[in-house]
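User: I'd like to go through the labels on this model one by one, with the rule behind each. Let's start with the pocket.

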Amino acid sequence: FISSVYFLYQVSLHVFVCLLGLVVLCHSDCFFQQLVIKDLRNPPNGCEDKDGKQHNFGSKWVRDCMQCSCTTEGLSCCNMIPDTGIVDISEECELVVNKETCSAKVVLKSDKTKECNPN
């Protein structure tokens with residue numbers, strides 16, 4: 001059993017070396033960071049976020065309007081707020097973002113209390 005586990009970590013390390021430093025952009029507002037295995041005898045039991053905080057495998061969290069999850073493959077995060085380049089907004093409207101609620105709405109530039117109708 002121990003040799004099987006060692007082989008699995010050896011294969012994982014080989015895959016990691018092949019993908020070293022790879023961050024895959026799944027979408028302009030999402031990213032995936034491959035799990036790093038530094039020591040085969042002491043494998044990680046979670047992912048480390050950009051702030052250095054550890055998250056267990058299978059966990060999900062939201063920080064700075066980024067919805068993230070940790071798996072044995074690595075860390076994936078997606079922005080919960082739409083990118084202004086993706087949303088089709090008419091000339092007289094603008095996208096207003098509320099980072100406290102991680103929401104956005106399209107309003108008139110001339111009167112931000114009124115929402116714009118979709119094009």
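User: What makes up the lining of the largest pocket, in terms of nonpolar, polar and charged residues?

Analyst: Happy to help! The lining divides into seven nonpolar, seven polar and three charged residues. Here Ala, Val, Leu, Ile, Met, Phe, Trp, Tyr, Cys and Pro count as nonpolar, Asp, Glu, Lys and Arg as charged, and the others, Gly among them, as polar. Before we go on, this is a predicted model, in which local features need pLDDT of at least 70 and side-chain atom pairs count only at pLDDT 80 or more, while totals for chains, interfaces and linings use all residues. Residues are numbered from 1 along each chain as its sequence is written, and side-chain values use heavy atoms, with hydrogens and water left out.

User: Why is this called a pocket rather than a cavity?

Analyst: The two terms come from a 1 Å grid over the protein atoms alone: a cavity is a set of points where a 1.4 Å probe fits but cannot get out, whereas a pocket is an open set with protein on both sides within 12 Å along at least five of seven lines. Rolling a probe the size of a water molecule over the atoms shows where empty space is left. The largest pocket has a volume of about 350 Å³, that is, the space filled by probe spheres set on the points, with grid points joined across faces, edges and corners.

User: Which residues lie nearest the centre of the largest pocket, and which elements contribute to its lining?

Analyst: A lining residue has an atom within 4 Å of a point. There are 17 of them, and Val 36, Lys 38, Pro 44, Gly 46 and Glu 48 lie nearest the centre. Strands E2 (30–34), E3 (46–48) and E7 (74–79) each give two or more residues to the lining, with the largest share, three residues, coming from E3.

User: What makes a stretch a strand, and how many are there in the protein chain?

Analyst: Helices (H or I, at least four residues) and strands (E, at least two) are DSSP runs, numbered from the N terminus. By that rule the protein chain has one helix and nine strands, in the order α-β-β-β-β-β-β-β-β-β from the N terminus.

User: How do you know that Cys 30 and Cys 78 form a disulfide?

Analyst: A disulfide is called when a pair of cysteine sulfur atoms lies within 2.5 Å. The sulfur atoms of Cys 30 and Cys 78 are 2.1 Å apart, which meets the cut-off. With 115° about the S-S bond, this link is right-handed. It ties together distant parts of the chain, with Cys 30 in strand E2 and Cys 78 in strand E7, 48 residues apart. In all, the rule gives five disulfides, paired 1-7, 2-5, 3-9, 4-6, 8-10 when bonded cysteines are counted along the chain.

User: Why is Cys 30 called buried, and what is Cys 78 called?

Analyst: Buried means under 20% relative accessible area, exposed means over 50%, and partly exposed is in between (1.4 Å probe, protein chains only). Cys 30 has 14%, so Cys 30 is buried. Cys 78 has 31%, so Cys 78 is partly exposed. Across the protein chain, buried residues make up 24% of the 119 residues.

User: What makes the disulfide of Cys 65 and Cys 102 left-handed or right-handed?

Analyst: The torsion about its S-S bond is about -90°, so this disulfide is left-handed. Cys 65 sits in the loop between strand E5 (60–63) and strand E6 (66–70), and Cys 102 in the loop between strand E8 (93–98) and strand E9 (103–108), 37 residues apart. The S to S distance is 2.3 Å. Cys 65, at 2% relative accessible area, is buried, and Cys 102, at 16%, is buried too.

User: How do you know which residues Met 80 touches?

Analyst: Contact means heavy atoms within 4.5 Å. Not counting residues up to four places away in sequence, Met 80 touches Val 62, Cys 65, Gln 67 and Cys 102. Met 80 lies in the loop between E7 and E8; its C-alpha is 6.4 Å from that of Cys 102, 22 residues away in sequence. At 36% relative accessibility, Met 80 is partly exposed.

User: Why is Ser 69 called buried or exposed?

Analyst: Its relative accessible area is 17%, so Ser 69 is buried. Ser 69 is found in strand E6, and its contacts beyond four places in sequence include Trp 61, Gly 74 and Leu 75.
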